[in-house]
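User: Could you take a close look at one strand for me and then show me how it sits in the wider picture? I'm a first-year student, so please spell out the terms as you go.

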Amino acid sequence: MASIINAKRIIIIILIIMLYLPSVARSTVPESLGSHLTEHEKEFLAKTGVVKVHNETDWAPFNFNENGTPKGFSVDYMKLLAQKTGLEISFVNGPSWDQFLDMMKKGEIDIMLNIAKSPERQKFLEFTPSYVSMVQMLYTRTDFPTVSSVKDLYGKRFAVPKGFFLQDVLSAHPQIELFEVPDTSAAIRAVSVGKADALFDLMPVVDYITSKLQITNLKVGGDLELEESKPIPLHIAVRKEMKILADILEKGMATITEEELHELHVKWLTGSDWSYNREEDSTSDENANIILTREERQFIQDNIADREIRLGVDSARPPFEYIDEKGVYAGISADFITVAAARIGISVIPQKDVKWTEAMEKVKVGEIDVIPKVTPSAARKKFMNFTRPYTTFPSVIVSRKDQLAGGLEDLRGLKVGVIKGQIIEANLKRDRAELQLLTSPDIKTALTELSNGKFDVFIDNLGAVAYTIDTLGLVNLRIAASTPYNHDLAFGVRKDWPLLASALDKSLAAMTDQEKAEIKSRWLAIKYQKGVDWWVVGPISVVLLGITIFVLIWNRRLGRAMRDREHAERKIKAMGQAMADALVMVNSQGRVMFWNQAAEKLFGYSVEEAMGRDFHDMAVPAEVRDNAHAGIRQFALSGEGAVFGSTISTVAIKRSGETFPVEVSLSPFQVEGEWFAVGSVRDITDRKQVEKEREETQARLQYILDTSPVGVAFSSRDRIRFANPRFKEMFGLDVGDSSSDLYVDPNERSRLMEKIKSEGKVENYELQMYNKSREIIEILITDLPMKYGEDEGVLGWFMDITERKKAQNAVQDSEKQHRTIFENSPLGMIHMSVEGTILNCNEKFVELMGSSREKLIGFNSLRQGRDVEMKTALQKAISGEPAEYEADYTSATGGKTVPLNMKFSPVNSGHNPTEVIVTLEDVTERKQAEKQLKSQMEDLAQFSRLTINREERMIELKEEINSLMEQLGKGQKYKIVE
């Protein structure tokens with residue numbers, strides 16, 4: 001009896017864990033590789049230090065880096081493989097893809113992830129088997145014609161990350177211009193803005209990045225009709241000389257379970273983003289008590305006629321949803337959507353005459369508003385918005401009792417039944433293409449056909465299967481095995497109504513765990529009230545225990561029940577030990593009843609030390625320990641507590657006394673009148689550090705934005721939603737104001753919108769706008785389309801370039817003035833290069849040379865000139881010193897001889913070498929004037945000589961007369977003046 005009670009307790013514990021702590025890993029205990037490794041391989045592992053693994057910057061969801069942390073499917077797969085093999089790994093981030101390949105060749109890194117095989121790479125790399133296969137697709141802009149073959153891209157530009165194997169493939173098509181980019185993000189941006197016309201990459205990668213970058217103008221562009229368009233297997237590669245490492249990794253890969261691999265698929269390659277805008281209004285809906293944003297409330301008022309939404313329902317899918325004999329829409333999903341809708345003030349109208357598969361098509365075109373029971377997937381995300389899941393159920397394999405099946409790997413060659421259009425059909429086609437699938441319209445038909453032998457097995461949701469088997473009384477059927485697929489059921493809302501999706505999501509978030517449990521219990525209890533009474537505690541949500549529990553329902557023999565319970569107990573214990581988070585169970589006195597290996601590592605107490613001790617004395621800081629003890633006393637009486645039913649962040653203490661931040665999820669349960677609590681504890685030190693760094697980064701960015709000299713604003717529907725201080729200062733506008741009257745030309749705004757629509761952005765566009773004083777200023781604007789919260793609009797950068805434009809105009813005026821002087825100068829003018837080549841000349845120089853401008857421009861005076869003295873003067877000017885030359889100059893191009901005065905002026909005097917400006921003056925008239933002046937001077941000299949000689953003779957004659965007069969005794973006749 002005690003053994004049964006213990007098994008019961010453990011089963012209840014794991015039910016609670018799986019129902020309320022879905023983030024906890026579900027992997028089984030990893031098997032040791034010891035028996036599978038050779039002695040040489042063991043020796044290699046013992047001697048090998050840290051192995052360097054490549055980590056890309058931006059190839060989400062496979063391999064990327066966020067805030068310095070490696071993330072992605074391939075990264076987590078490598079971490080799991082390191083645990084399996086005992087390798088110590090270190091991720092290397094920063095280089096581009098082709099640089100990583102070069103580092104592998106040089107031995108600077110050891111492992112590359114998510115790499116495709118090619119003959120060239122196999123020359124220097126050793127590859128493991130593929131660990132994932134993904135479909136590569138061609139992507140183009142939405143306005144690009146559909147491609148039916150590679151020839152349709154001849155003459156176009158194809159964006160390819162440098163080093164990707166596609167470069168080799170497309171080399172066979174030289175008619176396509178390859179546009180090299182560093183990574184896939186750059187390729188996506190290039191196609192989006194028109195720098196390239198197409199790209200080719202994995203669908204999950206492109207979908208993830210386009211969603212992250214909010215790029216909406218790409219589409220799956222068609223088919224290249226190439227072999228490479230088929231699903232591509234991705235491998236792990238090591239250096240050729242480390243083949244032994246590849247062998248060890250391959251053996252480690254063989255130990256990774258389907259459950260572990262499925263978890264990675266669910267985490268990175270499926271699912272939806274459940275986040276929503278929490279920028280809430282200060283008022284709430286009077287009828288629903290749900291806090292909605294103004295935009296959500298306004299949307300419901302303006303778009304939902306009569307406040308009724310149309311539901312696309314599955315009319316034959318009990319216990320989730322169906323139309324009963326009275327025509328009433330009923331079931332788990334029906335109750336959830338009815339309650340959630342009512343809380344935001346709307347009602348639901350099931351479209352009873354529409355099949356579920358038709359509803360999935362109608363929601364694409366807006367004829368159906370909500371699908372209340374749908375499993376989110378990447379394909380469906382293209383035409384639906386999803387809320388958070390409101391419940392989760394596993395898929396199981398159902399067979400006749402004479403048919404054995406231990407798992408999906410046993411179904412090869414069997415006829416496998418599925419419901420047409422359900423997610424399990426898509427999953428099996430994607431992951432198990434070898435299976436022979438047969439479809440049925442609904443679950444009742446399918447299970448009846450299985451019972452009659454049309455199928456060998458049938459795969460579907462555990463809850464629906466169990467309910468229908470019991471309802472139809474199909475005693476020859478049994479739950480044979482589990483599958484790695486879980487059904488997260490959520491509301492799917494038409495794509496153009498994201499605000500309704502966010503409102504419904506808030507309504508679900510506001511539901512208490514008790515309300516959710518009551519809805520599920522109401523429908524599950526109808527068919528599960530008989531049998532073992534502890535079914536009430538855990539309503540059909542456990543993958544691993546579902547099989548065991550249903551076998552107990554169908555076969556009540558005590559011996560088999562005991563064996564199954566013992567098996568479940570062993571599996572649960574192994575599961576608890578394999579969990580990455582600390583898992584702890586305490587009784588009503590707060591004493592430890594379960595303590596896994598992760599708890600040992602986290603708190604520093606071994607299992608032996610922790611069992612039976614007061615958990616709060618070990619793990620709760622002294623300053624809050626009294627409150628914790630008071631809480632456990634209240635819990636012992638009522639099973640209630642403030643920390644139950646949600647995930648909280650708090651502080652814990654280690655054995656060493658060190659405190660650290662943790663995230664705790666706790667759930668209560670009761671066994672034979674005593675309350676117990678089970679919870680997971682996760683160390684969030686790294687996360688807190690990342691959050692702190694993110695906050696600091698955001699603060700720095702905000703400071704830059706606040707102090708930027710450039711105005712920045714986001715506008716949507718002609719209203720400003722955000723503006724930095726500089727924008728407000730420039731234009732005098734604030735959030736909520738209209739920006740349309742800023743434009744001097746009223747048509748300028750519509751031209752900008754058209755340019756954004758056609759080119760994807762507006763960059764460095766000059767226009768005139770009014771400042772806050774209604775003065776016209778010159779603005780340089782850059783606009784990008786983006787989403788800000790729930791608003792789609794335009795983010796703009798505004799730079800006041802009024803002073804720059806004035807300076808430019810002044811320079812242009814000055815240049816125009818100098819050009820006028822140059823062209824109309826009465827002197828010949830030449831602009832020469834540092835090599836002595838004529839770069840430009842005016843018409844006066846052309847006239848002086850007697851040649852044409854075509855012959856003169858480009859003439860090199862140093863090499864082709866004939867006048868040695870002229871060349872000497874030019875060389876002196878090129879050396880940085882002014883020079884002058886004058887002579888009768890004969891033009892080498894026109895043969896004309898003209899007396900010229902040439903002045904050689906270096907452009908940058910004192911520098912060597914320098915360009916030269918030469919002015920040439922025709923000195924013909926001056927030469928003639930000088931010649932005439934010389935002749936006149938000679939005549940004047942002759943006259944002067946004659947005049948001066950005559951005067952001297954007269955004086956001599958007068959002196960002789962005076963002498964004779966004195967001899968005659970007479971006085972002098974002439975007075976001589978000297």
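Analyst: Let's start with strand S32 and then move outwards to other parts of the protein.

A quick note before we dig in: this is a predicted model, where local features need pLDDT of at least 70 and side-chain atom pairs count only at pLDDT 80 or more, while totals for chains, interfaces and linings use all residues. Residues are numbered from 1 along each chain as its sequence is written, and side-chain values use heavy atoms, with hydrogens and water left out.

So, S32. This strand covers residues 711-716, and six of its six residues are buried. Buried means under 20% relative accessible area, with exposed over 50% and partly exposed in between, using a 1.4 Å probe and protein chains only. Gly711, Ala713 and Ser715 point one way from S32, while Val712, Phe714 and Ser716 point the other way. A strand here is a DSSP run of E with at least two residues, a helix is a run of H or I with at least four, and both are numbered from the N terminus.

Who are the partners of S32? One is strand S36 (residues 791-800), which runs antiparallel to S32 and is joined to it by five bridges. Within that pairing, serine 715 has valine 794 as its bridge partner. Another is strand S33 (residues 719-723), also antiparallel, with four bridges to S32. There, alanine 713 stands opposite alanine 723. Two strands count as paired if DSSP finds at least two bridges between them. S32 and S33 form a hairpin with two residues between the strands, and arginine 717 in this hairpin takes a positive phi near 50°.

Now compare that with a little sheet elsewhere. It is an open one of three strands, in the order S2-S3-S4, with antiparallel pairing. Its edge strands are S2 (58-59) and S4 (69-71), each pairing on one side only. S2 and S3 (residues 63-66) are joined by two bridges, and tryptophan 59 has asparagine 63 of S3 as its bridge partner.

Next, two buried residues in other strands. Arginine 494 is found in strand S26 (residues 477-494). Why does arginine 494 count as buried? Because its relative accessibility is 10%. A polar atom of its side chain lies 3.3 Å from the backbone oxygen of glycine 366. Neighbours within four places in sequence aside, arginine 494 is in contact (heavy atoms within 4.5 Å) with Arg310, Val363, Gly366, Ile368, Asp369, Phe383 and Asn385.

Threonine 391 is found in strand S22 (residues 391-400), and it counts as buried because its relative accessibility is 4%. Leaving out neighbours within four places again, threonine 391 is in contact with His487, Asp488, Leu489 and Lys520. Its C-alpha atom is 9.8 Å from that of phenylalanine 336, which is 55 residues away along the chain.

What about the nonpolar cores? These are sets of buried Ala, Val, Leu, Ile, Met, Phe, Trp, Tyr and Cys residues joined through side-chain atoms within 4.5 Å. The largest has 85 residues, and those with the most contacts inside it include Phe62, Ile111 and Leu153. Another core, apart from that one, has 53 residues, among them Phe336 and Val493.

Finally, zoom right out. The protein has 32 helices and 41 strands, and 48% of its 978 residues count as buried. Of the contacts with a separation of 6 or more, 62% come from residues 24 or more positions apart.

Conventions:
Polar contact = N/O pair within 3.5 Å; in protein donor to acceptor, adjacent residues only side chain to side chain.
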